[in-house]
Amino acid sequence: MHARSTNELFRVSRRTFLQTGVVTAIAGPSLSGWAEATDARPTSFYVDPNFLSAAVETARWVRTAERKTDHGSYWLPEPDHPEKLTTVSPINGIYSGSAGTVLFFLQLAKATNDSSYLGDATRGADFLAATWHDLPAGKERLPGMNLSFYNGLSGLAFVLAETWKATGDPRYKEAALASTQYIADAAKPAGAGVAWSSAPGIIGDGSIILYLLYAARLFEKDAYLALADRGGEHLLEIALPHPDGGLSWKGAPSEVLGLPKETYFPNFELGTAGVAYVLARLYEDTGKTQFLDAAEQGALHLQKIATVRGDSTLISYRYPDLPDLYYLGFCHGPAGTARLFYQLYKVTKNREYLDWTERLARGVITSNIPDRLAPGFWNVVCQCCGSAGVTEFFLGLWAATGKTEYYAFANRVADQALGRQTDLDGSGYRWYQAWTRVKPWEVTAETGYSIGASGIGTALLHAALAQKGQYQAILFPDNPFPSNRNEDLRAKQWRSANTFLYLP
């Protein structure tokens with residue numbers, strides 16, 4: 001590793017990029033930490049039986065941030081600073097806005113049969129339906145980002161559609177269709193296909209294409225499928241053959257991220273894993289083999305650059321300057337990248353892809369989290385890069401395979417997340433974390449989904465439902481794992497690797 005200061009390596013922080021609409025995770029110099037961690041063993045533990053009550057306590061705090069308007073409600077993203085109406089995404093986005101909070105309340109209402117949570121969700125959805133026009137008028141740094149899933153209109157439309165599914169209220173369907181049509185109309189010719197921005201990754205056009213596939217199925221509109229197909233054709237054109245084999249994609253222009261042109265992120269949010277996942281989903285819905293071929297070539301590239309130790313695998317966060325840093329969460333780690341390999345297994349039934357999905361999972365397990373933090377898993381609990389996202393990954397993998405070792409690990413990480421909550425003022429659970437990795441002194445507590453309490457509460461809720469044998473989740477279009485699994489685990493006790501798990 002090079003002895004360079006943080007300032008020399010990074011002149012702009014992750015928060016700065018995200019506040020302009022670009023979602024990435026810029027990291028400082030670090031030791032890999034992985035090889036050293038594999039020798040230690042986790043201690044025995046008991047699953048906390050109060051995940052459901054923790055989700056309820058989380059909702060209690062989020063409710064304190066509600067602000068009612070004449071056309072519905074929104075939630076302050078950072079209640080400690082009520083003057084802030086936005087932090088990362090727009091106020092009606094998923095990442096740090098109110099759209100993700102609506103999803104939390106929808107799922108909590110169903111799990112508890114408490115209609116007051118449905119009231120929270122519908123007030124939020126009313127606000128989304130009334131304000132979705134504001135997103136296309138945004139001044140994001142990367143043109144087209146206001147149409148993406150986590151920071152833009154695709155995510156908002158998804159939440160409206162899910163609210164319609166939960167309530168049957170046609171107003172939400174109408175608003176979802178109107179916003180979806182706006183997205184469709186915003187597509188611009190690009191080579192042999194179409195594009196919405198200069199970012200093909202999940203951060204940008206990839207997520208738009210995935211949302212269109214979702215909308216085509218839900219609303220039974222072939223035009224959305226055809227448009228997603230054309231978006232995929234453009235992804236094929238911009239693939240880069242990699243010297244070591246396979247294909248790669250840059251999820252967003254490096255210069256927009258304030259990084260050298262040669263900078264390359266291989267994982268899900270900003271890299272090859274995410275784009276290849278989009279192509280694998282396109283193959284699933286269109287049957288076009290060129291999409292599958294390219295997706296498999298993307299997977300091949302990732303296999304070529306992966307660090308393999310025994311039956312465990314991790315893929316570096318970034319090249320060429322940080323090849324020894326391994327993130328563990330969704331944005332740049334196995335919790336996201338494994339989605340590509342599981343999707344390829346779903347559509348090909350090739351066991352090698354399932355094996356690689358599980359290799360990536362074991363890469364997380366052998367890193368020694370959550371017993372101790374790691375360079376790629378720091379003071380962060382959120383869905384994007386922390387404990388909540390890892391919990392969701394292992395619950396999904398358990399739902400797909402039925403393997404209790406994954407269920408056990410999901411519970412261990414959820415228990416760690418729960419142990420990090422703060423409620424000093426008695427107003428409910430929140431989490432103070434330094435999700436901006438290069439600024440560990442910037443510790444905040446947010447309400448939103450990707451970096452806040454709504455996403456953490458959602459993960460705890462899903463863990464509670466799994467314990468009750470009633471696992472069910474609203475999955476985003478970029479998640480290939482099963483949305484439900486009915487299996488009563490409460491009376492079971494088993495030993496998974498070196499971990500004892502006793503269920504109440």
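**Exercise 1. Leaving aside neighbours within four places in sequence, which residues is Trp196 in contact with?**

Solution. The structure is a predicted model.
Step 1. Set aside the residues within four places of Trp196 in sequence.
Step 2. List the contacts that remain: Pro143, Gly144, Leu147, Ile183, Ala186, Ala187, Asp205, Ile208, Ile209, Leu212, Leu227 and Gly231.
Step 3. Place Trp196 in the core. The largest nonpolar core has 164 residues, and Trp196, Leu279 and Phe394 touch the most other members. Helix H9 gives the most to this core, with 10 residues.
Step 4. Add the general background: in soluble globular proteins, nonpolar side chains tend to be buried together.

**Exercise 2. Describe helix H9 by its span, its burial and the residue just after it.**

Solution.
Step 1. H9 covers residues 205–219, which makes 15 residues. From first C-alpha to last it reaches 21 Å, close to the 21 Å expected at 1.5 Å a residue.
Step 2. Of those 15 residues, 13 are buried, and H9 is mostly covered.
Step 3. Glu220, just after H9, has a positive phi of about 55°.

**Exercise 3. Do the equivalent for helix H15, and explain why H15 is described as largely enclosed.**

Solution.
Step 1. H15 spans residues 387–401 and has 15 residues. The distance between its first and last C-alpha is 21 Å, close to the expected 21 Å.
Step 2. A residue is buried when its relative accessible area is under 20%. In H15, 13 of the 15 residues are buried, so the helix is largely enclosed by the rest of the structure.
Step 3. Gly402 follows H15 and has a positive phi, near 75°.

**Exercise 4. Characterise the largest pocket by volume, lining and residue classes.**

Solution.
Step 1. The volume of the largest pocket is about 790 Å³.
Step 2. Its lining is made of 31 residues, and Glu162, Ala473, Ile474, Leu475 and Ser483 lie nearest the centre.
Step 3. Sort the lining by class: 17 residues are nonpolar, 7 polar and 7 charged.
Step 4. Assign helices. At least two lining residues come from each of H5 (98–112), H7 (153–167), H9, H11 (272–286) and H13 (334–348). H5 gives the most, with 5 residues.

**Exercise 5. Repeat the analysis for the largest cavity.**

Solution.
Step 1. The model has 6 cavities of 30 Å³ or more. The largest cavity holds about 240 Å³ of space.
Step 2. The largest cavity is lined by 21 residues, with Arg339, Gln383, Tyr449, Phe476 and Asn479 nearest its centre.
Step 3. The class split of this lining is 12 nonpolar, 6 polar and 3 charged.
Step 4. H15 gives the most to the lining of the largest cavity, with 3 residues.

**Exercise 6. Is Ser450 buried or exposed, and what does Ser450 contact beyond its neighbours within four places in sequence?**

Solution.
Step 1. Locate Ser450: it is in the loop between helix H16 (404–419) and helix H17 (453–467).
Step 2. Its relative accessible area is 3%. The cut-off for burial is under 20%, so Ser450 is buried.
Step 3. Beyond its sequence neighbours within four places, Ser450 is in contact with Ile94, Tyr95, Tyr150, Cys382, Gln383 and Cys384.

**Exercise 7. Summarise the chain as a whole.**

Solution.
Step 1. The chain has 17 helices and 12 strands.
Step 2. Of its 504 residues, 63% count as buried.
Step 3. Take the contacts with a separation of 6 or more: 68% of them join residues 24 or more positions apart.

Terms used
Residues numbered from 1 in each chain as written. Predicted model: local features only at pLDDT ≥ 70, side-chain atom pairs only at ≥ 80, totals over all residues. Heavy atoms only, no water. Helix = DSSP H or I, 4+ residues; strand = E, 2+ residues; numbered from the N terminus. Expected span 1.5 Å × (residues − 1). Buried < 20%, exposed > 50% of the residue type's maximum accessible area, 1.4 Å probe, protein only. 1 Å grid on protein atoms, 1.4 Å probe; cavity = no way out; pocket = protein on both sides within 12 Å on 5 of 7 lines; lining within 4 Å. Points joined across faces, edges and corners; volume = space filled by probe spheres on them. Nonpolar A, V, L, I, M, F, W, Y, C, P; charged D, E, K, R; others polar. Contact = heavy atoms within 4.5 Å. Core = buried A, V, L, I, M, F, W, Y, C linked by side-chain atoms within 4.5 Å.
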